[in-house]
Amino acid sequence: MKFDRRFIFILIVLAVMIPLLFPIDLPVAITDETRAVYDRINVLDSNSVILMSFDHEASSLPEVRPLAEAVLTHCFQRDVKTVGLALFAEGTAIGYDILNDVAARYGKMYGIDYVYLGYRPQYSAAILGMGESIRGVFPADYDDTPYDSIPLLSGVRNYDDIDLVISVADGSLPTYWVEYAQARYGQKIIAALAAVMVTAYTPYVDAGQIDGLLGGLKGAAEYEKLLGQPAAATRRMDAQSLAHLSIAVLIVIGNIIAFAVRRGKRITEEGRS
Amino acid sequence: MSELGTWITALLTLAIYSFLYRDNPFYRAAEYLLIGLTVGYSLVISVKTVLWPGLIVPLVSGEVAKIIPLVLGGMMLIRLVPRLSSWSRIPLAVIVGAGAGVSIPAMLKARVLQQMGATISHALSLNGIIMLVGVIATILYFYFSREQKGLLQPIAKIGTYYMMVFFGATFGYTVMSRISLLIGRMEFLLGDWLHLVPR
């Protein structure tokens with residue numbers, strides 16, 4: 001029996017498209033992991049400085065942008081000073097765009113409330129170097145303004161002056177933050193990850209090496225709910241849930257058919273013998 | 001994004017998704033464009049944010065120490081000349097030596113010692129016991145110096161069950177991740193391009 005797999009593609013597209021056109025507002029339950037990240041950021045204030053690293057490529061933007069926006073929204077609501085940077089070349093302009101976009105919504109001033117340092121290659125060397133001197137790794141910001149001319153950075157020398165590092169990632173970069181910033185300098189780290197990486201980093205959370213973990217669109221939707229500001233992730237969760245349901249149903253149907261076919265073959269073979 | 005930019009993005013998205021029907025020239029053109037743009041973008045970012053401010057500007061302003069990375073970098077490129085390609089081993093040796101020196105202690109601490117410590121320190125709770133059994137059983141599954149018979153066989157079997165749970169969870173999260181990307185594209189097509197859903 002041959003089945004054209006393109007019917008499955010059509011089904012998945014419909015499962016995604018229909019809830020986008022006709023939202024059904026399925027509930028989003030908040031997990032302990034997301035609440036822990038929220039609580040961790042909720043104790044920061046205007047004296048705190050966070051470092052947000054955009055450690056992702058452009059291809060994962062639909063997933064990591066809602067994560068970054070949700071966390072940045074919380075930080076700017078609490079007047080937390082934010083330093084952005086990128087350790088993947090592809091994430092450089094995206095990080096700059098996201099940071100400026102969310103900052104503008106809250107009337108934040110560049111150089112005073114937030115700053116973007118840009119990209120550095122060789123992430124292990126960059127992360128290690130910032131433990132000694134952030135200025136040494138980034139002598140100027142993304143717009144070539146010298147480090148010493150930026151008011152926000154006047155008291156920021158190294159990880160001692162950073163309350164929290166948030167790695168927005170779609171790959172293995174948080175491992176390097178753990179190895180070089182957490183293990184060596186004791187820096188607190190939160191990972192906002194594409195869902196595909198969640199299982200790889202859960203052991204680091206259990207071991208206390210990562211302070212909190214936000215996973216995928218679901219994590220972003222939970223965070224938006226905690227903020228009381230439903231946005232992109234919340235809007236997309238109906239489609240996510242229905243697509244998952246469709247895939248689960250397809251897996252069950254596929255298995256039933258596979259069992260039935262196998263049983264039919266066995267009966268036929270027994271009949272012949 | 002401008003209207004023209006939206007149209008270009010939408011048409012390229014459709015060109016990429018056309019592969020789901022079958023391979024075709026529109027898909028291949030979009031794929032090549034993506035590869036070219038990615039390489040070009042990375043190159044420009046590297047030159048603008050690394051080579052220019054980190055090497056060229058300091059060299060021009062008289063920082064002679066920057067000649068060392070310049071020479072080492074040049075020796076890497078000499079690989080392209082077959083007669084002199086062995087010179088590239090020197091900068092490679094520097095990279096491998098420095099890389100190993102920096103990463104081995106860091107990896108050992110973060111990926112092995114701290115993980116082992118956490119596994120043992122949680123061993124008195126129910127979750128900790130389940131985790132400890134999983135760690136030991138899975139490690140023993142990968143113990144190849146002895147045939148998996150006798151006591152080793154059931155323990156290794158338990159290890160495979162733990163791994164299946166991990167594979168299942170990872171598959172679930174991978175599906176979630178890929179569907180999120182599809183949703184992002186669909187929302188763009190239906191919202192920014194066709195204006196059928198609010199953004």
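**Exercise 1.** In chain B, what share of the contacts between residues at least 6 apart in sequence join residues at least 24 apart? Relate the result to the form of the chain.

*Solution.* The model is a predicted one.

Step 1. The share is 18% for chain B.

Step 2. List the secondary structure: chain B has 6 helices and 0 strands, and from the N terminus its elements follow the pattern α-α-α-α-α-α.

Step 3. Compare the radius of gyration with the globule rule. Chain B has 27 Å, whereas the rule gives 16 Å for 199 residues, so the chain is more spread out than a compact globule.

Step 4. Add the extents and the burial. The C-alpha trace of chain B spans about 65 × 60 × 35 Å along its principal axes, and 9% of the 199 residues count as buried.

**Exercise 2.** Determine the strand order of the sheet in chain A and identify its edges.

*Solution.*

Step 1. The sheet is open, has 6 strands with parallel pairing, and is ordered β3-β2-β1-β4-β5-β6 in chain A.

Step 2. β3 and β6 (212-215) of chain A each pair on one side only, which makes them the edge strands.

Step 3. On average, neighbouring strands of this sheet are turned by 15 degrees against each other, direction ignored.

Step 4. Place two helices. α7 (residues 173-185) of chain A packs on the sheet and touches β1, β4 and β5 (189-193) of chain A, its direction making about 160 degrees with that of β4(A). α8 (residues 198-206) of chain A lies across β5 and β6 of chain A, at about 165 degrees to β6(A).

**Exercise 3.** Describe the surroundings of strand β2 (residues 81-86) of chain A, starting with its burial.

*Solution.*

Step 1. Of the 6 residues of β2(A), 6 are buried. Lys81(A), Val83(A) and Leu85(A) point one way from the strand, and Thr82(A), Gly84(A) and Ala86(A) the other way.

Step 2. Take the pairing with β1 (residues 49-55) of chain A: β1(A) and β2(A) are parallel over 6 bridges. Within β2(A), Leu85(A) is the bridge partner of Ser53(A).

Step 3. Follow Ser53(A) to β4 (residues 164-169) of chain A, where its bridge partner is Ser167(A). β1(A) and β4(A) also pair in the parallel sense over 6 bridges.

Step 4. Take the pairing with β3 (residues 114-119) of chain A: β2(A) and β3(A) are parallel over 4 bridges, and Thr82(A) stands opposite Tyr114(A).

Step 5. Trace the connections. β1(A), helix α3 (residues 61-77) of chain A and β2(A) form a right-handed β-α-β unit. β2(A), helix α4 (residues 91-105) of chain A and β3(A) form a right-handed β-α-β unit as well.

Methods:
Residues numbered from 1 in each chain as written. Chains lettered and ligands numbered in written order. Predicted model: local features only at pLDDT ≥ 70, side-chain atom pairs only at ≥ 80, totals over all residues. Buried ≥ 20, exposed ≤ 12 C-beta atoms within 10 Å, placed from the backbone. Pairing = 2+ DSSP bridges. Right-handed = clockwise from strand over helix to strand, strands pointing away. Axes fitted to C-alpha atoms, helices over the stretch in contact; angles between N-to-C directions. Contact = placed C-beta atoms within 7 Å. Rg over C-alpha atoms; globule rule 2.2 N^0.38 Å.
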